Amino acid sequence: MTDRLCTVLLYSDDPQVRDRMRMAVGTRPAPGLQIEFVEASTYAETIRLVDDYEIDLLLLDGEASPGGGIGIARQIKDDRDDAPPTCLVIARAADRWLAAYAEVDATLVHPLDPVTTGGTVAELLRTHAPA
């Protein structure tokens, strides 16, 4: 059996946060899945990458500034019928209501736990696998 190659877009204005997200997911979060990452540090880059490439999952920093992951998630969900699954990384568990407003598929809380992060990403990729 060959691994399914999935592209995960990491969004944060902070390169250290993107590094932590990448490390928490890893390149093989579960058997049968291999991850390649693309990165964006601005709202415009994120939208361009979603428009121009086949993105399998968005992993967005809800604390990014000036364009936060919550707003980006909501915009993509509103604009696209084929929006990729979205996971929002938030600083406070109490902010899950904002994530629900943004219609994200999952939330994670800083600091990222690699086991939880990898499991969440793998589940989203399997649940939203292309037909």
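The following exercises, each with a worked solution, concern a predicted model of a protein chain.

**Exercise 1. Describe the region that UniProt annotates at residues 7–125.**

Solution. The unreviewed UniProt entry gives the feature "domain: Response regulatory" for residues 7–125. Next, consider the secondary structure: over this range the chain is 42% helix and 23% strand. Finally, the C-alpha atoms at the two ends of the range are 10 Å apart.

**Exercise 2. Determine which residues of helix 2 are buried, and where they lie around its axis.**

Solution. Helix 2 covers residues 43–52, and its buried residues are Thr-46, Leu-49 and Val-50. These residues cover an arc of only 100 degrees around the axis, so they lie on the same side of helix 2. On the other side of the helix, Ala-44 and Asp-52 are exposed. The last step is to identify the packing partners. The buried residues of helix 2 pack against strand 1 (4–11), strand 2 (33–40), strand 3 (57–61) and helix 3 (69–79).

**Exercise 3. Decide whether Asp-95 is buried or exposed, and name the residues that it touches.**

Solution. Begin with the location: Asp-95 is in the loop between strand 4 (86–90) and helix 4 (96–101). The relative accessibility of Asp-95 is 11%. Buried means under 20%, and Asp-95 therefore counts as buried. Leaving aside residues up to four places away in sequence, Asp-95 touches Glu-63 and Ile-90.

**Exercise 4. Locate the cis peptide bonds before Pro-66 and Pro-111, and examine the phi of Glu-103.**

Solution. As background, most peptide bonds are trans, and most residues other than glycine have a negative phi. Ser-65 and Pro-66 are joined by a cis peptide bond with omega of about 5 degrees; Pro-66 is placed in the loop between strand 3 and helix 3. Another cis bond joins His-110 and Pro-111, with omega of about -10 degrees. Pro-111 belongs to the loop between strand 5 (106–109) and helix 5 (114–127). Turning to phi, Glu-103 is not a glycine, yet its phi is positive, at about 65 degrees. Glu-103 is in the loop between helix 4 and strand 5. With a relative accessible area of 39%, Glu-103 is partly exposed.

**Exercise 5. Characterise the largest pocket by its volume and its lining.**

Solution. The volume of the largest pocket is about 180 Å³. Of the 13 residues that line this pocket, Glu-54, Ile-55, Asp-56, Asp-82 and Pro-84 are the closest to its centre. Sorted by class, the lining has eight nonpolar, one polar and four charged residues.

Definitions and conventions: Residues numbered from 1 in each chain as written. Predicted model: local features only at pLDDT ≥ 70, side-chain atom pairs only at ≥ 80, totals over all residues. Heavy atoms only, no water. UniProt positions renumbered as here; feature names shortened; annotations may be inferred. Helix = DSSP H or I, 4+ residues; strand = E, 2+ residues; numbered from the N terminus. 1 Å grid on protein atoms, 1.4 Å probe; cavity = no way out; pocket = protein on both sides within 12 Å on 5 of 7 lines; lining within 4 Å. Points joined across faces, edges and corners; volume = space filled by probe spheres on them. Nonpolar A, V, L, I, M, F, W, Y, C, P; charged D, E, K, R; others polar. Buried < 20%, exposed > 50% of the residue type's maximum accessible area, 1.4 Å probe, protein only. Arc of directions from axis to C-beta. Contact = heavy atoms within 4.5 Å.
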